[in-house]
Structures are given as C-alpha cells and as structure tokens.
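I opened this entry to record what I looked up in one structure. My notes run topic by topic.

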Amino acid sequence: MQLMATVVGRLGSRFSLVFDPDAKQVLHSALGRWLDFPTDLAIGVAAEGELAFSLPFTKRFPTFDVTEQQLRMCGVSFVARSLELGVGLQVEFVAPFYPRDEWTSLAPLFLVRMEVFPQERVFWQASKRQVRQGQVFLRLQRENLHLTQAHDRLKINYSVPKAVWKGERVRPKDWRGEEELWWCDERIVPVSPNAELLDDGIAFNFDLDDPSKCRFELIWCAFVDEPVLTVFGQPASFKYRWLFTDVEAVADFACRHYNELWGKAMQMDDLVANSGLTKSQADLIRLSFQNFLLNTWWVVRDDGSEWFSVWEGSCYFHSTVDVEYNDALVYLAFWTELLELLLDEWSLFEMQDEVGSYLAHDMGGELEVGRQAYHHPMPVEENANFLLMLHCLWRWTGKQEIIERHCGLAKRLTAYFERSDTTGNGFPNLGTANTIDDASPAVQYSRKQTYLAIKTLCACHAAAQIAEALGETDWANRCRKLIERIKKTLDEQVWLGDHYAVCLEKSAEGLVDAWTGEPLEGELTGWDAYSIYTANGLLYLLLSGNEPELNYERIRTDILNAYWQALTEYGCTHTSADKSNVWVSQNLWRDLIAAYLGVLLPDNSPRYFALQAFMNTFGLTKGFIDTYLTNNLCFYPRGIASIGYLFALCGLQIDRVRNIVRIRRTAPYPCEVPLLPFADWGRGIVPTVVYRLIDGRIEAELKHPEVLGDLQVAWY
C-alpha cells in the first residue's frame with residue numbers, strides 16, 4: 001500500500017512510535033503519543049564506503065528509490081528498494097499482542113526484523129550495482145537523547161516533561177512544559193549474533209551469498225520507573241512495573257521469549273489476514289487497533305489497585321463513555337475483563353442533577369483521573385450507553401455477578417430516563433445534550449431527539465431483562481411502560497414517510513448552546529433531516545439476539561434512505577443537513593447495524609480508508625482520524641469499532657444466559673470468519689466459521705466446535 005503516517009503501540013504501556021515519512025521522522029517516547037518527541041530514525045543499508053540509503057524517517061541519509069508499507073494487526077512492515085545498490089530491505093516492527101496475556105501485551109517492547117534481499121530492477125530500469133555485502137543499520141538521533149554502548153546493547157536515556165503538548169508533529173524548540181520530568185530508560189538489544197554497536201545505533205554485516213547473514217533481529221524496549229498518572233489523588237505507575245523490575249528485565253524477557261512473542265503476534269495477524277474481510281476492512285482494523293492501543297493506560301496505585309482507561313485521542317479525556325461505547329467491541333472480541341473493569345470504574349462517576357443520577361461524560365483529562373474534564377454532561381446518552389454495554393457483557397459472558405454488582409446504579413440510571421420525559425410521550429426532553437459535538441443544533445442539543453429516544457428504549461429493554469434476572473419485577477415493569485410510551489410516539493409522530501425525523505420539537509426556544517452558553521432561537525434547522533443515528537442504540541442488543549420489538553421495516557428504510565441522502569466522498573455526514581461533518585466511527589456503527597438487520601449497503605470501507613490515507617500524507621500526520629477537516633479527532637481510538645466487521649460477516653450473536661450462539665448460515669462470498677470471543681487463547685485454538693461454495697451455494701461449517709463447550713449453535 002502507499003506510504004503514509006502510521007503508528008505502533010502497546011496495551012496500557014504507552015510506548016509508541018509514530019512513523020512520519022513526510023516529515024522524515026518518527027515521534028517517539030516511552031510515554032507515548034502527546035508526550036513524545038520528533039526523532040531522526042535511520043534504518044537502511046550501507047555499502048561501498050559511504051554509500052547508504054534509508055527508510056524515509058531520517059534527514060541524515062538519502063532514501064530508497066521505492067518504499068511501500070503493509071499494515072499488520074500487530075505492527076507495520078516496510079519494503080524498500082535501491083537501484084543504486086541493487087538491494088532491497090524489508091523492515092518489520094512488531095508490537096506483540098495476545099488476548100488475556102499480560103506479559104505479551106503489556107511488556108513495553110517492539111520486535112524489529114530487518115532482511116536484505118537482491119533487487120535486480122524496478123519496472124524496466126536495471127539496478128546500477130549488484131551489491132552482495134554491506135551493512136544494515138538502525139540509528140537514532142535526537143537533541144535530548146543520550147546513547148551509551150553497554151556490552152551487547154545500546155542504552156538510551158532521556159527525560160519527558162510532565163505535561164501534554166498539543167502539537168501533532170513538531171515541538172517548538174523553546175517548549176519545555178512543566179519543570180517536573182519523567183526519566184525514561186530504553187534499550188536496543190540485538191537478538192542476531194555479531195552485531196556492531198555504533199555511537200547512535202546498531203549495525204549488522206550482511207552477505208547475500210550467505211542466507212544466514214541476510215536477516216537480523218533486535219529488541220527495542222522501554223521503562224518508566226515512577227508514577228505516570230494521578231488517580232483520585234493517588235500516584236499510579238505503569239502495571240508493567242509489577243511484571244518487570246527494570247528495563248534490563250524487559251530486555252531479558254524479550255530475548256528469552258523472542259520466538260514465542262513473534263509467533264503470537266503472527267497468529268493475531270493471520271486471524272485478520274485470513275478472515276475473508278476485504279483489504280480496506282482489514283486495514284481499517286489494523287490501523288485503528290494500533291491507534292486504540294497507543295491511547296490505553298493500565299496502571300497500578302500504591303495500594304495495589306489497578307486502573308485501566310483509554311485516552312480520547314487528541315481530546316485527552318479518560319474513557320469517555322460514548323467513545324468506549326464504540327471501542328467496547330474490541331473488549332468483547334479479545335478481553336472482556338477490561339470492559340468489566342471499565343464498568344466498575346464508571347460506577348465511581350455517578351453524578352446528580354435536578355432530574356436524577358447520571359454518569360459523567362469521562363473519568364478525567366490528561367494526566368489526572370478523578371472527575372469529569374469535559375465542560376458539560378450528556379446524561380441520557382451516557383446512561384443508555386452504560387446500560388447497553390452492561391447488558392451485552394452479561395449476555396456474552398453469562399456472569400450474573402456483573403449485573404448484581406451494578407443493580408443499584410442501573411436502577412438509578414433508568415429512573416433518570418423516566419424523569420427526563422416531562423411531557424408523557426416517553427421521549428427525553430431533559431439532559432439531552434450528546435456526543436455529536438460538531439453537528440447542527442437539532443442533532444446536538446434538541447429536546448425529544450429520535451436518536452436518544454430509541455437508544456433510551458433499547459437501554460430500558462436491556463434494563464428490563466437485567467431486572468427480571470435479579471427478581472426486580474417493579475423495576476422491569478417501569479422499564480416496559482416507558483418502552484411502550486416511546487414506541488407509541490415513534491410510530492405515531494416521528495415517521496415522515498421515508499425516514500424518521502431527527503427530533504420532535506422544531507423550535508429552538510429555551511435551548512442553550514452548550515459550548516457558548518448562549519440561548520438558541522427560531523426553528524431548529526435540520527429537525528426533519530435524514531440521520532445516520534436513528535438505530536444507533538440497537539447494536540449491542542443485536543449482538544446478543546435480544547433486540548426489542550420495533551417497526552424494523554421502517555428502521556431499515558430509514559437506514560437506507562439516510563445513507564443515500566447523507567453520503568459524501570468519505571462516508572455519511574451526521575445528517576443530510578450536516579454537510580462535511582463525517583465521523584468514520586459512526587458510519588462504521590451504522591454499517592454494522594445495517595448488516596445485522598439485512599440492509600444491503602455498499603461496502604464503504606474504501607471510503608473510510610481513503611480518508612485515513614488523505615489525513616496521513618502530504619504534510620498531515622493524524623493517525624486514525626475520525627473526522628473530516630471541520631473537526632480534529634485524530635490519533636483516535638474509536639475506529640476500532642471496525643473489529644465489528646468480523647461479527648457482522650457471520651451475524652454472530654451470543655447469549656450465554658440462554659446458552660445459545662447464533663450464526664448466519666450464509667455469507668456474501670466464501671470466507672473463514674474467526675469467532676474471536678470463543679477462542680481458547682491458552683491453547684491457541686480459535687473456532688472458525690468456514691463458508692464454502694458447494695454446487696453453486698454457500699454452505700457453512702464450524703471448525704473447532706469443541707471450544708464452544710455446551711453452548712448450543714443455532715444457524716439462521
């Protein structure tokens with residue numbers, strides 16, 4: 001694929017690299033994105049004296065004639081070719097990840113493999129030389145970087161100011177941040193023999209006539225041995241400090257387990273590569289997964305209690321509920337315990353207003369956790385998001401204790417829905433500000449929003465099932481009464497013939513702009529627009545096969561018509577009235593719901609990935625960006641909603657409470673879909689749905705059904 005800025009990151013450990021070919025640098029730090037520095041990273045080959053060529057992450061050496069890249073689930077690889085030397089170089093940066101394996105996934109390290117190969121020509125142009133021997137090197141340089149040769153490894157030390165910087169590419173030279181500093185230790189350790197330590201890196205001698213001297217491997221690891229976050233006033237350090245004593249221990253672990261770490265990373269890569277997803281779907285997952293990882297914080301306080309949260313990219317908020325509402329698909333796929341931990345943490349952020357109890361928008365901002373950092377709450381939306389995630393986690397895991405633990409909070413959150421409707425039609429008209437913060441006022445602030453009404457209905461449907469399981473009959477009945485009121489209003493007042501209105505109230509009188517504090521006046525522009533958010537609340541219920549009774553013919557019609565009315569180059573805008581405001585994550589969410597409901601939308605992943613390519617080339621370095629030009633949600637975690645492509649491809653529905661898993665009998669084409677939530681990661685066995693073309697028909701077969709235990713498989 002084309003060369004573009006891309007990232008590699010670690011789960012909870014922050015060590016990350018942002019490869020920025022346009023600026024000829026990487027952004028690098030053991031504290032990760034927004035706490036990193038532009039670094040000159042030269043990776044290349046040298047031969048015949050001073051003749052050397054490098055990948056385009058340095059200004060010290062000329063670059064190869066051609067460089068391409070390949071995204072991986074666990075990293076990125078580059079293939080470069082030199083006509084001057086007649087050699088090529090493949091460089092792989094691997095960030096090992098393996099579900100529920102803390103040692104593999106949290107260790108602050110990257111595996112690097114460099115392999116030299118002959119390159120006789122590019123297109124019709126023959127190489128000028130046919131070099132057979134030379135050096136392959138990795139060298140780095142930065143103003144505050146201190147490098148020291150130490151026996152068989154390179155020691156790297158530097159400091160990072162304890163302040164988040166807002167720039168995306170270049171720190172001002174006079175920028176110093178706070179006076180307080182973190183001290184970071186790193187090591188670059190050769191795994192392959194006969195390495196040569198340089199003043200600024202490591203080199204190996206290659207010989208194309210000797211296969212054993214063409215591939216070289218090393219480890220790049222980091223360590224920060226002090227608190228990095230403040231959590232409710234307590235200092236908290238990276239969890240990896242409880243696994244490793246120092247950077248040398250990380251390096252020794254990686255050396256001992258190099259092949260195992262590499263193998264686990266390759267298994268994760270293969271799961272996506274062999275799944276049958278389209279190229280653009282798979283690349284969206286790969287790109288967004290690394291951006292998700294680099295936003296994660298997994299720390300331990302001095303009292304031994306753990307804390308996990310996820311930065312909201314360039315917004316720096318910790319675990320924004322509405323963002324994690326989309327991110328949570330990755331927890332369901334790989335690590336449900338993390339979602340369980342997040343639900344426990346959110347329960348500490350219950351807030352009160354004149355209506356009742358609601359969840360804070362976020363857990364904190366920048367380097368401090370403990371109170372909401374966003375300037376206004378989103379009560380109805382965040383309450384519904386929490387309840388829907390809670391319900392889905394319960395149904396997918398069958399863990400009754402999860403809903404028992406949050407029963408009281410769930411009751412209070414649903415009570416907010418009841419009191420937020422003061423007109424008796426079920427549609428909330430209080431606490432209706434929402435996450436869609438660059439949309440028209442009708443979408444962002446209006447009372448009686450269809451999006452929030454249907455999401456409230458879905459959350460009440462989830463709460464009613466939770467209440468029944470806990471023997472809370474009165475609570476369940478109250479939820480059902482509210483559901484009926486919303487349904488009645490939805491059926492009788494909101495349908496406009498070919499789509500649902502954005503909101504019931506057309507007037508802006510009495511509304512306040514949450515950003516400016518200024519009152520709004522007149523008619524709400526776009527109240528009758530086509531919206532991609534109408535069915536947003538349905539996905540988690542569809543994932544467990546517990547969707548509520550609704551007029552699904554209208555829902556499908558609304559999805560289809562809104563798609564065509566709001567479509568642009570890179571996806572759909574919020575509504576047909578919100579020109580240019582594209583959020584990729586919400587397009588993905590809509591696409592997944594459409595797939596589950598049997599709405600045949602085109603595959604829009606090429607549009608979404610085209611936006612990523614545009615925003616990471618020709619002077620732009622945005623990582624995964626959710627938005628187009630009028631907003632700047634960059635290096636954003638929310639794109640990992642794309643992992644849902646794997647659920648939707650086979651229509652996966654899991655309900656361990658009813659002891660059933662439902663899988664579609666047919667797929668659009670022959671493919672193999674890994675059932676990630678059922679994987680036996682300890683034994684490395686992932687059950688797979690194999691769709692084959694037999695006698696002109698697609699037929700399905702389940703491989704490794706034994707991993708599902710006593711779950712009943714129902715094909716539909």
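These are my notes on the core, the charged pairs, the strands, one helix, one proline and the aromatic rings.

**Core**

I am working from a predicted model. I began with the nonpolar cores. The largest one has 259 residues. Phe93, Phe334, Tyr540, Ile643 and Leu652 have the most contacts inside it. I then asked which helix gives the most to this core. It is helix H11, residues 450-469, with 13 residues.

I picked Phe334 for a closer look. I left aside its neighbours within four places in sequence. Its contacts are then Met73, Phe97, Pro99, Arg100, Met268, Phe289, Ile643, Leu676 and Trp681. I also noted a second, separate core of seven residues. Ala42, Ala46, Ala52 and Ala203 are among them.

**Charged pairs**

Next I turned to salt bridges. Side chains of opposite charge can pair when their charged atoms come close. My search of the whole structure gave 51 salt bridges. I went through some of them.

Asp269 pairs with Arg72, and their closest N and O atoms are 3.8 Å apart. Asp269 sits in helix H3 (residues 258-273) and Arg72 in strand S6 (residues 66-72). This pair links distant parts of the chain, 197 residues apart. Are the two partners buried or exposed? Both Asp269 and Arg72 are buried.

Glu306 pairs with Lys239, with 2.9 Å between the closest N and O atoms. I placed Glu306 in strand S22 (residues 306-310). Lys239 is in the loop between strand S20 (234-238) and helix H2 (247-256). The pair therefore ties together parts that are 67 residues apart in sequence. I checked accessibility for each partner. Glu306 is partly exposed, at 32% relative accessibility. Lys239 is at 7% and counts as buried, because the cut-off for buried is under 20%.

Arg658 and Asp655 also form a salt bridge, at 2.7 Å from N to O. Arg658 is partly exposed at 45% relative accessibility, whereas Asp655 is buried at 0%. I also found a network of salt bridges that share partners. It joins Asp152, Arg153, Arg187, Glu248 and Asp252.

**Strands**

Arg153 came up again when I looked at a hairpin. Strands S13 (residues 146-150) and S14 (residues 153-161) pair in the antiparallel sense over five bridges. Ala150 has Arg153 in S14 as its bridge partner. Two residues lie between the strands of this hairpin. His151, in the turn, has a positive phi of about 60°.

I then traced an open sheet of six strands. Their order is S22-S21-S20-S19-S26-S25, and the pairing is mixed. Which strands stand at the edges? They are S22 and strand S25 (364-365), each with a single partner strand. One side of each is therefore left without a neighbour in the sheet. Inside this order, strand S19 (residues 229-231) runs antiparallel to S20, joined by three bridges. Val231 has Gln234 in S20 as its bridge partner.

**Helix H15**

I checked the length of helix H15, residues 584-597. At 1.5 Å a residue, its 14 residues should span 20 Å. Its end C-alpha atoms are 20 Å apart, which agrees. I counted 13 of the 14 residues as buried, so H15 is largely enclosed by the rest of the structure. Just after H15, Gly598 takes a positive phi of about 80°.

**Pro637**

I found Pro637 in the loop between helix H16 (605-614) and helix H17 (644-649). Pro637 is buried, with a relative accessible area of 0%. What is in contact with Pro637, leaving aside its neighbours within four places in sequence? I listed Asn291, Phe292, Asn295, Val310, Trp311, Glu312, Gly313, Val323 and Asp327. Glu312 is 325 residues from Pro637 in sequence, yet their C-alpha atoms are 6.5 Å apart in space.

**Aromatic rings**

I finished with the rings. The whole structure gave 43 aromatic pairs. One of them is Phe15 with Trp220, an edge-to-face pair. Their centres are 6.4 Å apart, and the angle between the planes is 70°. Phe15 is in the loop between strand S1 (6-8) and strand S2 (16-20). Trp220 is in strand S18 (residues 215-224), 205 residues away from Phe15 in the chain. Both Phe15 and Trp220 are buried.

Phe334 turned up again here. It belongs to one aromatic cluster with Phe97, Tyr98, Phe289, Phe292, Trp298, Phe308, Tyr331, Trp335 and Trp681.

Conventions:
Residues numbered from 1 in each chain as written. Heavy atoms only, no water. Core = buried A, V, L, I, M, F, W, Y, C linked by side-chain atoms within 4.5 Å. Buried < 20%, exposed > 50% of the residue type's maximum accessible area, 1.4 Å probe, protein only. Helix = DSSP H or I, 4+ residues; strand = E, 2+ residues; numbered from the N terminus. Contact = heavy atoms within 4.5 Å. Salt bridge = Lys/Arg side-chain N within 4 Å of Asp/Glu carboxyl O. Pairing = 2+ DSSP bridges. Expected span 1.5 Å × (residues − 1). Phe/Tyr/Trp six-rings, centres within 6.5 Å; stacked < 30°, edge-to-face > 60°.
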